[in-house]
Amino acid sequence: MGLKNPWEPVQAYSNTQTPRLRKPLPMSVNGHEKDGDFGIFTTQVNKLIGWGRSSSLWPALFGLACCAIEMMATSADRFDISRFGAEVYRASPRQADLMIVAGRCSVKMAPVLRQIYDQMPEPKWVIAMGACASCGGVFNNYAIVQGVDKIVPVDVFIPGCPPTPDMLLFGFNELQRKIREGIPNPPDPLKASGLKLGGPVGDERG
Ligand code: SF4
């Protein structure tokens, strides 16, 4: 008499111990039996590329102030931005294609921000996270840039002071949608105006 396996109900659903039991699939309306084989599907190359780009965004590390704490929380386990393929924050702009400007940007920091943006390879995108990055927030004074869209082309603005990680995720999903739909970046504000920022950093002349 064989022993009854007490783990059988678990093993039936575990893919680490025994293969899953294949359940019979329902018949489709035209009578073709679905067998799990995808067969052929067609798409367009630009859609496939957009899908790939949107699902593997690598943000540059660019926390400027309090909003950065919320950005860090977005990477942690509770919100887990890696679900959307963006957990790889890069310390080098050469390896990043997304800049999340998290916090207020001072006038002195503006050339640094622009330099990092310029060093990122194309295609690249920018999210302005929070009221300060979007419009200066409560810092309506001479020291703070009144919106980083005066320095870099911003694809998505996220309001709030600070925006919650959920809001950043929503903005991030909106950016993914823009990329998938092929919506281009907004015009570069510096190229459009012909203005030049002082810098680069370390090149100041007294
Ligand atoms: S929007 Fe609020 S939380 Fe974010 S950097 Fe400005 S003051 Fe800080």
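**Exercise 1.** In this predicted model, find which residues Ile127 touches, leaving aside those up to four places away in sequence.

*Solution.* Start at Ile127 and look for its partners: Leu98, Ile100, Asp155, Val156, Ile158, Gly171, Phe172 and Leu175. Next, place Ile127 in the wider picture: along with Val101, Met129 and Val148, Ile127 touches the most other members of the largest nonpolar core, a set of 37 residues. Then see which elements each supply at least two residues of this core: among them are strand 2 (98–102), strand 3 (125–129), strand 4 (156–158) and helix 6 (165–180). As background, nonpolar side chains in soluble globular proteins tend to be buried together.

**Exercise 2.** Work out whether Cys67 is buried or exposed.

*Solution.* First locate Cys67, which lies in helix 3. Now count: 27 other C-beta atoms lie within 10 Å of Cys67. The cut-off for buried is 20 or more, so Cys67 is buried. Its contacts beyond four places in sequence are Ala102, Gly103, Met129, Gly130, Ala133, Pro162 and Pro163.

**Exercise 3.** Do the same for Cys132: buried or exposed?

*Solution.* Cys132 sits in helix 5. Because Cys132 has 27 C-beta neighbours inside 10 Å, this residue counts as buried. Beyond four places in sequence, Cys132 touches Ala65, Gly103, Arg104, Gly137, Phe139 and Ile144.

**Exercise 4.** Find where UniProt places the feature "binding site".

*Solution.* The unreviewed UniProt entry gives Cys66, Cys67, Cys132 and Cys161. In sequence these positions spread over 96 residues, yet they cluster in space, with a largest C-alpha distance of 10.0 Å.

Definitions and conventions: Residues are numbered from 1 along each chain as its sequence is written. This is a predicted model: local features need pLDDT of at least 70, side-chain atom pairs count only at pLDDT 80 or more; totals for chains, interfaces and linings use all residues. A nonpolar core is a set of buried Ala, Val, Leu, Ile, Met, Phe, Trp, Tyr and Cys residues joined through C-beta atoms within 7 Å. A residue is buried if 20 or more other C-beta atoms lie within 10 Å of its own, exposed if 12 or fewer, and partly exposed in between; C-beta atoms are placed from the backbone. Helices (H or I, at least four residues) and strands (E, at least two) are DSSP runs, numbered from the N terminus. Two residues are in contact if their C-beta atoms, placed from the backbone, lie within 7 Å. UniProt positions are given in the numbering used here, feature names are shortened, and annotations may be inferred rather than shown by experiment.
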